[in-house]
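Open the model in your viewer and keep the sequence panel visible. The stops below each give a selection and what is there.

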Amino acid sequence: MVARAVVIQAGSFIQDSRVILDASLRHPVLALIILAPANLRIFAVQDIAPRDAYVFLKEQAEAVLVDCRTEIEFMYVGHPVGAEHVAWQEAPDWAIDPEFSDKVKRLVKGDLKRPVLLICRSGQRSVYAGEALEDAGFLTVINVLEGFEGPLDERFHRGTLGGWRYYGLPWQQS
């Protein structure tokens with residue numbers, strides 16, 4: 001067995017032979033060094049706040065923003081200006097599109113080094129879509145926290161606590 005040393009920061013964990021990093025720990029205070037199989041993959045979909053995502057996209061011309069919501073959400077609820085639509089799931093069966101990663105690869109013309117920012121309704125689906133992109137070899141995958149509409153408020157409404165649209169960032173409806 002070929003092995004390598006892997007440093008795992010506090011808050012990380014191993015799941016199904018993958019190291020899952022806790023990106024919220026900006027200054028790890030404890031690390032564990034383990035001897036791990038050479039094929040152990042380290043996953044760390046990054047998170048970014050909506051306003052920071054907007055600035056990042058302006059500063060990083062090669063970055064692409066992928067809206068991974070359904071076509072109906074993208075068209076009728078609205079979407080960030082400049083976002084490319086590649087659905088992670090579609091109604092009515094909500095099955096994950098097995099070609100999702102390939103579609104994003106075509107979008108970036110095979111350049112897996114291009115930063116890909118993912119946005120969904122509330123920042124949840126985009127995490128799973130991001131993990132799929134990392135599995136497919138993408139190197140920089142960033143989840144837009146709060147998504148387009150933000151979390152539910154106490155009355156079970158979206159758009160009142162956060163999200164791309166809440167912060168007044170450029171968006172449009174089709």
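**Stop 1: helix α4**

Select α4 and colour its buried residues (under 20% relative accessible area, with over 50% called exposed and anything in between partly exposed, using a 1.4 Å probe and protein chains only): these are Arg125, Ser126, Ala129, Gly130, Ala132, Leu133 and Glu134. Helices here are DSSP runs of H or I with at least four residues, strands are runs of E with at least two, and both are numbered from the N terminus. This is a predicted model, in which local features need pLDDT of at least 70 and side-chain atom pairs count only at pLDDT 80 or more, while totals for chains, interfaces and linings use all residues. Residues are numbered from 1 along each chain as its sequence is written, and side-chain values use heavy atoms, with hydrogens and water left out.

Move to Gly137, just after α4, where phi is positive at about 105 degrees. Then show β12 and β13: α4 lies across both and runs at about 150 degrees to β12. Such angles run from 0 to 180 degrees between N-to-C directions, with axes taken as lines fitted to C-alpha atoms, for helices over the stretch in contact; contact means heavy atoms within 4.5 Å.

**Stop 2: the loop before α4**

Select Ser122, in the loop between β12 (116-119) and α4 (125-135). Is Ser122 buried or exposed? Its relative accessibility is 14%, so Ser122 counts as buried. Apart from neighbours within four places in sequence, Ser122 contacts Glu146, Gly147, Gly150 and Arg158.

**Stop 3: the open sheet**

Show the 5 strands of the open sheet, in the order β6-β13-β12-β7-β9, with parallel pairing. The edges are β6 (46-48) and β9 (84-85); each has a single partner strand, so one side of each has no neighbour in the sheet. Two strands count as paired if DSSP finds at least two bridges between them. Strand β7 (residues 64-67) pairs with β9 in the parallel sense over 2 bridges. To see the register, select Asp67, which stands opposite His85 in β9.

Now add helix α1 (residues 50-59). This helix lies across β6, β7, β12 and β13 (141-144), at about 100 degrees to β6.

**Stop 4: two cysteines**

How many disulfides does the structure hold? There are 0, a disulfide being a pair of cysteine sulfur atoms within 2.5 Å. Select Cys68: it is in no disulfide, and the nearest cysteine sulfur, that of Cys120, is 5.1 Å away. Cys120 is likewise in no disulfide, with the sulfur of Cys68 as its nearest cysteine sulfur. Cys68 has 0% relative accessibility and counts as buried; Cys120, at 1%, also counts as buried.

**Stop 5: Phe100**

Go to Phe100 in helix α3 (residues 100-107). Phe100 is buried, with a relative accessible area of 1%. Not counting residues up to four places away in sequence, Phe100 touches Cys68, Val86, Ala87, Trp88, Leu118, Ala129 and Leu133. Measure from its C-alpha atom to that of Gln89, 11 residues away along the chain: the separation is 8.8 Å.

**Last stop: the whole chain**

Zoom out to the protein chain, with its 4 helices and 14 strands. Buried residues are 38% of its 174 residues. Of the contacts in the protein chain with a separation of 6 or more, 58% join residues 24 or more positions apart.
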